[in-house]
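User: Please take a close look at one strand and its surroundings. I want burial first, then pairing.

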Amino acid sequence: MSRRVVRQSKFRHVFGQAAKADQSYEDIRVSKVTWDSSFCAVNPKFLAIIVEAGGGGAFIVLPLAKTGRVDKNYPLVTGHTAPVLDIDWCPHNDNVIASASDDTTVMVWQIPDYTPMRNITEPIITLEGHSKRVGILSWHPTARNVLLSAGGDNVIIIWNVGTGEVLLSLDDVHPDVIHSVCWNSNGSLLATTCKDKTLRIIDPRKGQVVAERARPHEGARPLRAVFTADGKLLSTGFSRMSERQLALWDPNNFEEPVALQEMDTSNGVLLPFYDRDSSIVYLCGKGDSSIRYFEITDEPPFVHYLNTFSSKEPQRGMGFMPKRGLDVSKCEIARFYKLHERKCEPIVMTVPRKSDLFQDDLYPDTPGPEPALEADEWLSGQDAEPVLISLRDGYVPPKHRELRVTKRNILDVRPPAGPRRSQSASDAPLSQRTLETLLEEIKALREQVQAQEQRITALENMLCELVDGTD
């Protein structure tokens, strides 16, 4: 009886390759801020990178197709008064991005499909609630307009971006600086790591710690953690001997890790990027020149080393493309955007196949851009898995969709509830008639402004077409 020595897996030969020189983004002054975020965020339409900026904080947003040398006068997104520390694209609207800054604010921006003529300086909304720097952002995976921010004040705030309201504030869970926050697949739980060396699983709506593990890694350097597809946790950290480690945990039994992998002795924090569809985790160390990747399975030893992609230059940060932005015709299963000191270089991970047909086994249905819940539904206790789409015919991003912010009016002018005599407009009190007139006038003016904005957008689009034509 022959014993199978080699483990069967369709991902045993994942092949990493850096893009050709003309596919990179050159002459970008990547931020030099000492902060352990990825400095880069990408979606099927745009690439955003935190850059060096005098007199405040800025990031640049480039259409994916705009490769090559970037003009030094290319418009930036500038609104923060201190360095930008983290950026994150909204998973339900490819034109909306949030930025967090040392100036204690979170700003949400609408990025137009055309190239703006000047810097974008006006956010859709500014979220103010933290008392110290805000270093972590994460959009809710399934609920519309729900954004999480974590600050140096050890507080996690969950916002409704559509109204500017604070939905939840977790201010007594973490005794020290929060290093990472991750939602699970349906957004019902959070995994956080903290400077107090504790890995926590939190139910944000109850404000409770569901499970926790003190010192999942013995070393002193920061930890990171992400949820896997089946609710387990992957954490990266350091051993007592400063060896970098990857551990897999079952939250129902936090005593011992399900699996533990030791790697090397480097002091760069390992940023884990987990792909739920293939159950592969990619580890990118800041200052490393390699990306290691492992497959997570249900069979021992649970964490299987696949390969390492190595290059010559160290990485300053890394962006990870959502699955719907990949080229399925080339069997691409992941794409990274590696930041150098002055450029951004795409790195493509493929599974070589001989057939040109769509590979069903590589591309199960994946989360699409439609939210499964509204913010108030999620807050009331509802949960829903992401709305999935097929990648069989490739994914085409939808046209520009505007995020509308409707701030709740604290000075509510509605009459108190209860039985009252019906009144005609003529015998209503003067103050109420004045109020109705004012509201009608405001409505008319809003409609005029909206029409003007649409006209401006149409003219700008025509201008861009003319400029492209003369090129």
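Analyst: What follows covers strand S24, its hairpin partner, and then a separate sheet and the repeat records. The model is predicted.

Start with burial. Strand S24 spans residues 270-275, and six of its six residues are buried, so the strand is largely enclosed by the rest of the structure. Buried here means under 20% relative accessible area. In a regular strand, side chains alternate between the two faces of the sheet. Both faces of S24 are covered. Leu270, Pro272 and Tyr274 are buried on one side. Leu271, Phe273 and Asp275 are buried on the other.

Now pairing. S24 runs antiparallel to strand S25, residues 280-285, with six bridges between them. Leu270 has Gly285 of S25 as its bridge partner. The two strands make a hairpin, with four residues between them. Ser279 sits in that turn and has a positive phi of about 55 degrees.

Next, an open sheet. Its four strands are ordered S20-S21-S22-S23, with antiparallel pairing. S20 (224-227) and S23 (259-262) are the edge strands; each has a single partner strand, so one side of each is left without a neighbour in the sheet. The twist averages 15 degrees from one strand to the next. Within this sheet, S21 (residues 233-238) and S22 (residues 244-249) are joined by six bridges. Gly237 has Gln245 in S22 as its bridge partner.

Last, the repeats. An unreviewed UniProt entry lists "repeat: WD" at residues 77-119, 127-169 and 171-212. Residues 77-119 are 0% helix and 51% strand, with end C-alpha atoms 6 Å apart. Residues 171-212 are 0% helix and 52% strand, with end C-alpha atoms 17 Å apart.

Terms used. Residues are numbered from 1 along each chain as its sequence is written. This is a predicted model: local features need pLDDT of at least 70, side-chain atom pairs count only at pLDDT 80 or more; totals for chains, interfaces and linings use all residues. Side-chain values use heavy atoms; hydrogens and water are left out. Buried means under 20% relative accessible area, exposed over 50%, partly exposed in between (1.4 Å probe, protein chains only). Two strands pair if DSSP finds at least two bridges between them. UniProt positions are given in the numbering used here, feature names are shortened, and annotations may be inferred rather than shown by experiment. Axes are lines fitted to C-alpha atoms, for helices over the stretch in contact, and angles run from 0 to 180 degrees between N-to-C directions.
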